[in-house]
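Student: Before we discuss any value, could you show me the model and then take me through the terms behind each statement?

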Amino acid sequence: MSVLEVRGVTKTYGGVRALSDAGIRVHGGSVHALLGENGAGKSTLIKIITGAVRPEHGSLVLDGRELAFTSTADAAAHGVAVVSQELNLFPDLDVLTNLFPMREPTRGPFRDRSAMVARARPVLAQLGLDVDLRRPVGRLSLAQRQLVEIAKALVTEPRVLILDEPTSALEAASTERLLGILRALRRREVAVVFVSHLLEEVMALCDEITVLREGRTVLSGVPRGDLDIGAVVTAMLGHAQQAVPRVAASPRDGRTLAFDRVTVPGRLSEVSFTAGAGEVVGLAGLAGSGHRTVLEVVAGLRRPVRGRVRLPGDRPAPRRLRAAIDAGVALVSGDRHRYGLMLDKPLWENVAQVRSVALARDGALLRAGELRARAARQVTRLGIRTSHVDIPCGLLSGGNQQKTVLAKWLEANPEVLLLDDPTRGVGVGGRHEIHTLLRTMTDGPAIMLLCSTDLDELAQVCDRVLVFHQGRLSATLRGDDLTQHTLLHTMNTGTLPSASPPLR
Ligand SMILES: Nc1ncnc2c1ncn2[C@@H]1O[C@H](COP(=O)(O)OP(=O)(O)OP(=O)(O)O)[C@@H](O)[C@H]1O
Ligand SMILES: [Mg+2]
């Protein structure tokens, strides 16, 4: 018998059908993947389970009994814990307090701090999160905050654990640990629901698969063994995935970005390269290898102690993020919470934000109607799923928020576009659209540098990839050498895989 079942759920937001007659049925001792494109309705379904959103129709059955939760806390009291996509932590409060919201162990009128510590420690150790429990959560990195959010769910020892894209902010090592924990929970008969756009990761872990497409359940609890990734992608998109068109780099003019023996202590050592107009240059490496530092230097977030950085037109590198924007440098980050959006402002204002600052500075008259129309064009171009451009950004689905960050920077018409995991949280279909756009833009930014933890993305999109190892530029891959396999080898060893020995 299923532990938890959601049936026949319909939810409409101001004319937009987020879910129609959707559902999911989860079993103890099983990891259930809940998949679908951006805006398919996954997070909405989860919010309906916890009572955060009320559907027009539908029912929730727990252990054979129909009921409705009134809040996340109520759900947790019934053994259903949720790690939501948008982090729900109190940035000013410390880690320990965040782990026990509203259900702190107490001793008399006081919270029992030692009991809280005793419960938190093993969970944090399991997750490999080594932080001071008194540290305010707002001072932690995104990955650490994500782990706190997961720990918060685990300390309730749930029977049903629902995770909405828990790994998109995590480094590989933390992801491995989390997947290990989920396997252990499965052995303890916990029902796990897992949402992720990283299909290989999900498929390696899950037992059952439910796919939503445009608010409808198109696959319902199908056993993992009956499907391969291609079939899942087809179900998600409604058609098979196509290859990214590869347009050869077309150097437009002599404008280049140049690094000449650039050194940033502890991060980059004597790095030299040039990136020309009309090509997409990838930057790869294990965490801390220096590839991200390159982006930070160009964006004015970090200054080299030695060497020269020249922007197109032989201009010096910006010394602050603000100066970078003025110099035509845009940084699109997958950490949309940090460099991202004004969530309470409408989509069109977000898309217009950077561009209007520049235009206003130049004394141009800005008309809202025109900015709306321009935003609408970006919405179509990037396939952002929304019915209008007046929707506050906070109401867009996670992946559509990420696309909006890209739209905003493209709208600013940058000469240098820095992309840092730009498709984090974006589904296969959306990734394909963004990749195609990057490959085929002819009026876009002249120079594009792409950092990605996704090797397939690097191989698909880049003309060449600079591989960093321990702060040094160790190899450049292009053409037939530019494969996921070669990337992985070079990132780990700093050397190219050796060619097979000559025959004698
Ligand atoms: N409060 C809201 N008001 C208006 N529209 C909303 C609201 N919440 C969600 N939506 C819309 O409902 C649809 C489904 O969104 P949902 O967040 O469930 O998608 P998702 O499958 O989780 O996508 P992603 O993978 O990008 O996170 C989207 O079109 C979204 O814009
Ligand atoms: Mg979502």
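Tutor: Let us start with charge, where Lys and Arg count as positive and Asp and Glu as negative, while His and the chain ends are not counted. The place of a charge is NZ of Lys, CZ of Arg, CG of Asp or CD of Glu. This is a predicted model, in which local features need pLDDT of at least 70 and side-chain atom pairs pLDDT 80 or more, whereas totals for chains, interfaces and linings use all residues. Residues are numbered from 1 along each chain as its sequence is written, and side-chain values use heavy atoms, with hydrogens and water left out.

Student: How far apart are the mean positions of the positive and negative charges of the protein?

Tutor: They are 4 Å apart, taken over 63 positive and 53 negative charges.

Student: Why is Cys-462 called buried?

Tutor: Buried means under 20% relative accessible area, with over 50% called exposed and the range between called partly exposed (1.4 Å probe, protein chains only). Cys-462 has a relative accessible area of 0%, so it is buried, and Cys-393 is likewise buried at 0%. Of the 504 residues of the protein, 54% count as buried.

Student: Why is Cys-462 without a disulfide bond to Cys-451?

Tutor: A disulfide is a pair of cysteine sulfur atoms within 2.5 Å. The closest cysteine sulfur to that of Cys-462 lies in Cys-451, 9.6 Å away, which is too far for a bond. The structure as a whole holds zero disulfides.

How values were computed. Chains lettered and ligands numbered in written order.
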